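Student: I've got a model open on my screen and I'd like to talk it through. Can you help me read it?

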There are 4 protein chains.
Amino acid sequence: MKKKIRNGDNVLLYVNPRRTYLVKAEKGKSLHTHKGFVPYDSLIGKEYGVRTASNLGIEFVALRPSLKDFIFKVQRRTQIMYPKDIALIVMFSGIGPGSKVVEAGTGAGALTTALAHYVKPTGRVYSYEIRTEFMQTALKNLEKASVARFVEIKNQDITQGIAETSVDAVILDLATPWLVVSHAFSALKGSGTIVSFSPTIDQVIKMVEALRESKFVDIETIETLLRGMQIERGKTRPETLMTAHTGYITFARKSLGK
Amino acid sequence: MKKKIRNGDNVLLYVNPRRTYLVKAEKGKSLHTHKGFVPYDSLIGKEYGVRTASNLGIEFVALRPSLKDFIFKVQRRTQIMYPKDIALIVMFSGIGPGSKVVEAGTGAGALTTALAHYVKPTGRVYSYEIRTEFMQTALKNLEKASVARFVEIKNQDITQGIAETSVDAVILDLATPWLVVSHAFSALKGSGTIVSFSPTIDQVIKMVEALRESKFVDIETIETLLRGMQIERGKTRPETLMTAHTGYITFARKSLGK
Amino acid sequence: MKKKIRNGDNVLLYVNPRRTYLVKAEKGKSLHTHKGFVPYDSLIGKEYGVRTASNLGIEFVALRPSLKDFIFKVQRRTQIMYPKDIALIVMFSGIGPGSKVVEAGTGAGALTTALAHYVKPTGRVYSYEIRTEFMQTALKNLEKASVARFVEIKNQDITQGIAETSVDAVILDLATPWLVVSHAFSALKGSGTIVSFSPTIDQVIKMVEALRESKFVDIETIETLLRGMQIERGKTRPETLMTAHTGYITFARKSLGK
Amino acid sequence: MKKKIRNGDNVLLYVNPRRTYLVKAEKGKSLHTHKGFVPYDSLIGKEYGVRTASNLGIEFVALRPSLKDFIFKVQRRTQIMYPKDIALIVMFSGIGPGSKVVEAGTGAGALTTALAHYVKPTGRVYSYEIRTEFMQTALKNLEKASVARFVEIKNQDITQGIAETSVDAVILDLATPWLVVSHAFSALKGSGTIVSFSPTIDQVIKMVEALRESKFVDIETIETLLRGMQIERGKTRPETLMTAHTGYITFARKSLGK
């Protein structure tokens, strides 16, 4: 695994938790910010983690972007999913290196990036998206995260059917997931997982009813809350504001049957 | 990826969300429960997901155990970590296939199983554990989840030092994580991640202070809450009880420097 | 306000937060527990707050029962409401000393006790209950909390109508609150408050729809979570378990119309 | 209880949940807003709850301000307490009509207003505040809520002592509550309640230690979360943002003895 910053590499320039810049470190170019400018030539050839100072004397740390950074920095032309939900979806879906996953819709590619990250190098993500305007954005984001080659974005309507078969997981982030239940059932291996993310409780009810009518078992719906902490001796406390709701996550597994 | 249940395979026999059995399906043997017995011969050779009935007529579904199942079914000789926390630790640590990870302590191997699952097949987990009585349990759990070959359990005290170098992440679930900060700093690559899980706020404060004194940046502490939902038209509501607290998770990244 | 414990007074005998006894301190009698017995004669004539020891040497503190204690100790023949919800209902309903309040159903009288406590001495609570078996329990609980004279329990079906007029608040804890909306509208003063407590989201949706169809404004639905903390230097942390859900509370105010 | 709006009365002009105006309805004057102006003469003599239209045709409802409104509309020269916390403090403190309560600090008078509301007409609140600049604001807010005559604001430092004796509850919202514990103990009746509100966990630990060293029992610390719901058939979901933390509330009761 490479450690030196090379010409053209992605770098996360970190000033503080609220001020980070995900950039492509190109020879001869610079990052210009309110905190001064940072020439990339001062980074290229150095190890990730190196500190540098802007012309105004502000310290920048050149971090190697991780999955979380790529997700947070996805171009926000659509509502992106939160890392806390992506983390649960990935783990509860049971996928890992080598898995074959169907996803819809692609959106800006935040969840797609994560799925690709975890199924690589031998797995594959088939991501359905009917809105052509998103496909370009998603592709750019996947390329930035170096996972585009593990993903096939399909400009097709998943409510009309899924072409893939014997897939390990079908992961849905769309307005009408219940229209995909029977297609997902056909596409999944026995014991495969379906996951659906929905902001409203009405969507969850319709989805769970559709799952129960099909031969899915182990149906479960959860929501998660993530709260930040301010840690400082004498002033330790939870943060003042938090996201109160992103969406409900529903999981189920395919049973085969009589 | 195999789909048929073979002699000796792990199977999750599912009756309902509160009644599941993680078994080894061995020829000629059976599962005996209050819901009747299920001969494994009725499963071997069938596809995962198949339904079968016990001699009492109760339906069992033979699911393929996923990472989550292995974690939940870890032999509980120690306090295990919750999947919700493991999911966040994995995602925020930035690891993936190929990562080199140091962990302590191993405990019953719940987190170790997850780490191994996500770094395989080319990555590796070095897991420190001083309590010899846990090593056997952990090893058994790793073998059951088929990830033992990606893990090296070390009967050493991580507060005395870390032998590995250029690691991508150091992940700590122990009583005094602050004693490991300088060792972790040496072991990590530039920009590598340290993660610490602690039940008490006092531990978090000491850990964050140690991280600040070292050259770690992007220090963040969070906690998560997971709430189950009961979904049934006309009766939809959050579940009555939940786990109010498991622990705080602290993340930071190594900067290099002057 | 009296301070001495007199023959026949209610006393809360406190051993620790999980072991408290709400008793009537009668001359010549005793409390018998696993922690030994405590003769009430050792308390009568003493000030509330006094410590005494059982025959086994365990210390008991004789506290004066507060509203919260009466609510928690209500005989649980029905699902009682939690103090956290009662507190919000009382405050957001806008009631106080002198208010005229209609409530349904009475149940075991937990909420009724709180309402009476806050409207006394000049206000009044009219509490509807169709299940005669509860009326006796509720009356006993109200008497124990010394607030029975501020309450009129009515063995009537509130979905058939409300006899009172010009009331300040109508507070509902029943399965079909939407059937009471028009009656509540007639009973309330202009600007008066209706409050409804429901465990399921389906009930909340029906209730809010009924309120919107009527001339109620400022309609708001909330839920609250209460988490206990374990405070001990070096071991401070949230408690492990909590109640994840009791119910949703909906508030609205009556507007007069054209 | 009066029902008609009279010259000089407080009125809450309601447009929608995010747009309300707490005004004094004076003859010949008007409210001027972006939604048009509303002459108070159109309200005076009408019943509370009446609807009126601004000159731009926007509907305003003239509600009678309740305790919650006065608290939310307190002039925010200081951090005010949230109604959710005030509700819990009031209920768990055990106070009610007739109680004698000591409070510090007064701040803008939000909590003071609530305490006065619930102890009136025969109880009394003694509120300590050393910052003279707040006393005027608090007094104005108490007068607006018509509860000033039940409160005595004292320009004294409560950490130097409490003059009152035999009080039912001492309620603290200040930076160093532990400095008041021994004074509170002297001021309280046997079995009386002390309550402390603190944003940081460090304050809570010091406070609980001070309570344990004194003869307080039944010591408990909680925090509450309040989440709003968006109720609309087909779009029902929790609100997107919430306050993640206001403060921890600690309760304890005075025991006498040895």
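Tutor: Sure. One definition before we start: copies are superposed by least squares on the C-alpha atoms of residues with pLDDT of at least 70 in both. Keep in mind that this is a predicted model.

Student: What turn lays chain B on chain C?

Tutor: The fit has an RMSD of 0.1 Å, and the shift along the axis is 0.0 Å. The two copies are thus related as by a two-fold rotation axis. The turn itself is 180 degrees.

Student: Which residue of chain B has its C-alpha nearest the axis?

Tutor: Look along the axis that relates chain B to chain C. The nearest C-alpha of chain B sits 2.8 Å from it, and it belongs to B:M242.

Student: Why do the copies meet through the same surface?

Tutor: Compare the interface residues of chain B with those in chain C. The copies share that surface because the fraction of chain B's interface residues that are also interface residues in chain C is 100%.

Student: Which strands stand at the edges of the open sheet in chain B?

Tutor: The sheet has four strands in the order 2-1-6-5, paired antiparallel. An edge strand has a single partner, so one of its sides is left without a neighbour in the sheet. Those at the edges are strand 2 (19–25) and strand 5 (51–53).

Student: In chain A, which residue is the bridge partner of A:T33?

Tutor: Strand 3 (residues 30–33) pairs with strand 4 (residues 36–39) in the antiparallel sense, over four bridges. A hairpin of two residues joins these strands. The partner of A:T33, in strand 4 of chain A, is A:G36.

Definitions and conventions. Residues numbered from 1 in each chain as written. Chains lettered and ligands numbered in written order. Predicted model: local features only at pLDDT ≥ 70, side-chain atom pairs only at ≥ 80, totals over all residues. Pairing = 2+ DSSP bridges. Contact = placed C-beta atoms within 7 Å.
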